[in-house]
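Biologist: Can you take me through this one? I'd like to start with the contact and then move to the cavities.

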Amino acid sequence: MIRDITIGQYYPSDSVLHRLDPRVKLSGTFLYIVCLFLVKNWWGYLAAAVCLAAVIKLSKVPFGYIVKGLKAVIILLLFTVMFNLFLTSGTPVFEWKFIRVTKEGIDLAAAMAVRLILLILGSSLMTFTTTPNQLTDGLESLLRPLNKLHVPVHEVAMMMSIALRFIPILLEETDKIMKAQQARGADFETGGLIQRAKAMVPLLVPLFISAFRRAGDLAMAMEARCYHGGKGRTKMKPLHYKKRDGVAWLVLAMFLAVVVVTRKL
Amino acid sequence: MYCKSDFRVLGRKKQFAGKDTIEKMVRSENLIFEYIRRDEEGNVESITKALDDVSITISKGDFVAILGHNGSGKSTLAKHMNALLVPTEGTLFVDGMDTKDEEKIWEIRQAAGMVFQNPDNQIIATVVEEDVGFGPENLGVPTKEIWERVEKSLRAVGMYEYRKHSPNKLSGGQKQRVAIAGIMAMKPQCIVLDEPTAMLDPNGRKEVVRTVRELNQKEGVTVLLITHYMEEVIYADKVIVMDDGKIVMQGTPREIFAQVEKLKSYRMDVPQVTELAYKLKQAGMPLPDGILSIEEFVEAVQACAK
């Protein structure tokens, strides 16, 4: 069950999207998120959804696989909807004791849900089509100006890519520890939410210990392979803008234009 | 590819390498390493000598195995070869460089690559080829050459078909071969393998040992294999047995395994065939000492029967 979480994972395939320059994908995703917040009405969301669907089709990543990524954030999604539904003032449509649902509330809750879903699908599509190393390279090159402000850009990017690499390993580890504890009578499946959360606490200690041990081992292995920060490092896959990246920028610009136009509708 | 005559040339070189005139890959003199345990106030609580007066020499092109049970100091010795640990006393030279010299540290690590026990904890990338490229990237090798090195070393360990795969989907033996390729791509003269097979199943173990042997024979890489599986050391040129931080036995596999009783006193087993031959000999069968393989055993028994 815990291994079903797919958010932040790379999905190996050979599509235009996979081959696109990570810088384009990173800034494209950023632009897409900004657009989602610029949207004012349902036309805008429709445009974004259509574009996203087209890009997903292009990426060759199975839709079901992407949707699985939503599982991890379902609680957050529910909270947002609830808050917007019950706490927005306006013309009431439904009233019972202290619960009051307004027309504006429904609109806002629906819009928020759609916005969040589009946002998560869009950004997870980026991680599905970009290997962590490419992501690191892209981020590093986009953030390079910050180096002047003594921000350790390379180190931050490296940390991020290692974190992504270890997500499946730590999930597997959690699964193992859970099974080991279940074999000795631990119960993770019955009881209310609070009881279940409490049952998770004994998982954390062994998980943390093993994570630290792994970190120590990995650091040693990296040092043994002469890793000494970003200085003097060359790239196996250096980033070069190609024609398709130009096309991608054009598509992005068009998308931005469409979203701006929908604001006027 | 390599033809048979190449092997012969390599083999002959190896014979010449036995003379003192040939350079030494690793040379240690009276190596001592102490783990110091301190209490909360920083006072020394106890000192454990993990390495005690270790002097070894390893010639270029050799396949050396280090045996020892847990806590015998074999992993500590391995970490010294890569300058991950620095001796408390004594000196260690790797390819003529003193491991205490901090300016040479990256050169030493490039010359003596290291493969660790847990394959998951030494692979840093999510694609096989990117992981193999990590070492050369750190060394500042130009892009085009990185690709050449990655291809060559992946082919050398037989993992080229998997270059686009995610390491998470590979078996333990395959992951360990990728880790070996990652070291090979740095063009080391020597590979130190610290119990590379301890976490693998029998098949994975065979895979890794075969790969290591091939690298030693075809590419002429010096190999230092640390293990506690006896079956893995029978092909080595030289076996070193460690116990309690000291070197207690040294010699060819045949010499070592002929001394069954002595090995047992260091809490170590001998390969099954060797054990069987030893027991038969004790029971009165005229068999030679130090039989290492099943074929050898069969031959010896047949000779006996005649």
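Biologist: How many residues does each chain put into the contact?

Modeller: Chain B gives 38 residues and chain A gives 27 residues, where contact means heavy atoms within 4.5 Å. This is a predicted model, with local features needing pLDDT of at least 70 and side-chain atom pairs pLDDT 80 or more, while totals for chains, interfaces and linings use all residues. Residues are numbered from 1 along each chain as its sequence is written, chains are lettered from A in the order written, and side-chain values use heavy atoms, without hydrogens or water.

Biologist: How many salt bridges across it?

Modeller: The rule finds 5 between chain B and chain A (a side-chain nitrogen of Lys or Arg within 4 Å of a carboxyl oxygen of Asp or Glu). One of them joins A:Lys237 and B:Glu129, at 3.0 Å from N to O.

Biologist: Which helix of chain B supplies the largest share of that side?

Modeller: α4(B), with 11 residues; helices are DSSP runs of H or I, at least four residues, numbered from the N terminus.

Biologist: Now cavities. What volume does the largest have?

Modeller: About 180 Å³, as the space filled by probe spheres set on the grid points, which are joined across faces, edges and corners. A cavity here is a set of points on a 1 Å grid over the protein atoms alone where a 1.4 Å probe fits but cannot get out, and lining residues have an atom within 4 Å of a point.

Biologist: What lines it?

Modeller: 17 residues line the largest cavity, with A:Asn133, A:Thr136, A:Asp137, A:Arg233 and B:Glu137 nearest its centre. α7(A) gives the largest share, 5 residues.

Definitions and conventions
Helices (H or I, at least four residues) and strands (E, at least two) are DSSP runs, numbered from the N terminus. On a 1 Å grid over the protein atoms alone, a cavity is a set of points where a 1.4 Å probe fits but cannot get out, and a pocket is an open set with protein on both sides within 12 Å along at least five of seven lines; lining residues have an atom within 4 Å of a point.
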